[in-house]
Amino acid sequence: MKINSAEFEISNSRADQCPKSNIPEYAFIGRSNVGKSSLINMLTQRKGLAMTSSTPGKTMLINHFRINDEWYLVDLPGYGYAKRSKKDQEKLQNIISFYVLEREQLTNLFVLIDSRLKPQKIDLEFIEWLGENGVPFSIIFTKADKNKKGELRKNVETFLDTLREQWEELPPHFITSSESRLGREELLNYIDNINKS
Ligand code: GDP
């Protein structure tokens with residue numbers, strides 16, 4: 001898929017205030033600092049489209065970007081930022097679960113996982129929650145270029161093995177780097193194919 005246009009449309013904190021349009025939505029979520037903003041900018045080839053924040057986890061908003069006038073790329077707030085107050089964490093959980101569970105236009109949720117890390121409890125719990133609620137999702141391993149040789153495969157396999165303990169069938173997964181643009185074509189084609197089906 002070629003990105004002809006990528007425009008910021010609206011930020012808000014509630015799924016029922018999201019755009020009324022019925023075009024499909026592909027949302028991106030992950031722990032703060034997982035590389036979500038960098039990935040969105042890499043996919044759309046718009047440098048400052050998603051704000052890479054020097055204060056990780058600052059934003060608590062749902063951001064809609066209209067792509068090619070055909071679909072929305074939705075930037076969801078990052079979860080798991082330890083410095084948030086308990087009240088803010090609860091608010092964030094509500095924002096995320098309301099969007100993920102209620103938004104009918106949500107076609108696929110991409111869960112971003114830092115490819116350098118061992119499986120993290122918070123990510124595994126989030127994925128389990130998606131499974132329990134029947135949310136269609138895929139996994140994106142980020143920051144592939146930051147691994148030492150051989151580590152990337154090992155880390156990805158360890159993560160998938162952990163999922164296999166609970167799941168009969170694994171969700172689709174992608175390996176990406178915002179530095180080298182690894183995975184860009186594959187991801188955009190995946191979205192394109194769903195849109196055309
Ligand atoms: P967010 O909080 O999930 O939006 O994460 P950011 O996109 O702001 O990225 C967090 C940090 O990781 C920043 O310093 C980025 O430059 C860096 N980063 C993100 N993706 C990559 C990547 O693919 N490769 C490398 N080397 N660094 C990355």
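Trainee: In strand 6, which residue is the bridge partner of Val111?
Mentor: Start with the idea: strands of a sheet pair through backbone hydrogen bonds, either parallel or antiparallel. Here, Val111 has Ile139 in strand 6 as its bridge partner. Strands are DSSP runs of E with at least two residues, helices are runs of H or I with at least four, and both are numbered from the N terminus. Two strands count as paired if DSSP finds at least two bridges between them.

Trainee: What should I know about the model itself?
Mentor: It's a predicted model, where local features need pLDDT of at least 70, side-chain atom pairs count only at pLDDT 80 or more, and totals for chains, interfaces and linings use all residues. Residues are numbered from 1 along each chain as its sequence is written. As for pLDDT, that's the predictor's confidence in each residue, from 0 to 100. The protein averages 92, and 96% of the residues score at least 70.

Trainee: Back to the strands: in which sense do strand 5 and strand 6 pair, and over how many bridges?
Mentor: They pair in the parallel sense, over six bridges. Together with helix 3 (residues 121-132), strand 5 and strand 6 make a right-handed β-α-β unit. To read the hand, point the strands away from you: the crossover is right-handed if the path from the first strand over the helix to the second runs clockwise.

Trainee: What does strand 2 pair with?
Mentor: One partner is strand 5, in the parallel sense over six bridges, and Tyr26 has Asn108 in strand 5 as its bridge partner. Strand 2 (residues 25-30) also pairs in the parallel sense with strand 4 (residues 71-75), over four bridges. There, Phe28 is matched with Asp75.

Trainee: What is the order of the strands in the open sheet?
Mentor: The seven strands run 1-3-4-2-5-6-7, with mixed pairing. Strand 1 (6-12) and strand 7 (173-175) are the edge strands, each pairing on one side only.

Trainee: Which residues of helix 1 are buried?
Mentor: A residue is buried if 20 or more other C-beta atoms lie within 10 Å of its own, exposed if 12 or fewer do, and partly exposed in between, with C-beta atoms placed from the backbone. In helix 1 (residues 36-44), the buried ones are Lys36, Ser37, Leu39, Ile40, Met42 and Leu43. They pack against strand 2, strand 4, strand 5 (106-114), strand 6 (137-142) and helix 5 (184-196). Just after helix 1 comes Gln45, with a positive phi near 55 degrees.

Trainee: Why does Met42 count as buried?
Mentor: Because 23 other C-beta atoms lie within 10 Å of its own. For contacts, two residues qualify if their C-beta atoms, placed from the backbone, lie within 7 Å. Leaving aside its neighbours within four places in sequence, Met42 is in contact with Ser178, Arg181 and Arg184.

Trainee: And how do I read the whole protein?
Mentor: Follow the elements along the sequence: there are five helices and seven strands, in the pattern β-β-α-β-β-α-β-α-β-α-β-α. Buried residues make up 31% of the 197 residues. Among contacts with a separation of 6 or more, 75% come from residues 24 or more positions apart. The C-alpha trace spans about 45 × 40 × 35 Å along its principal axes.
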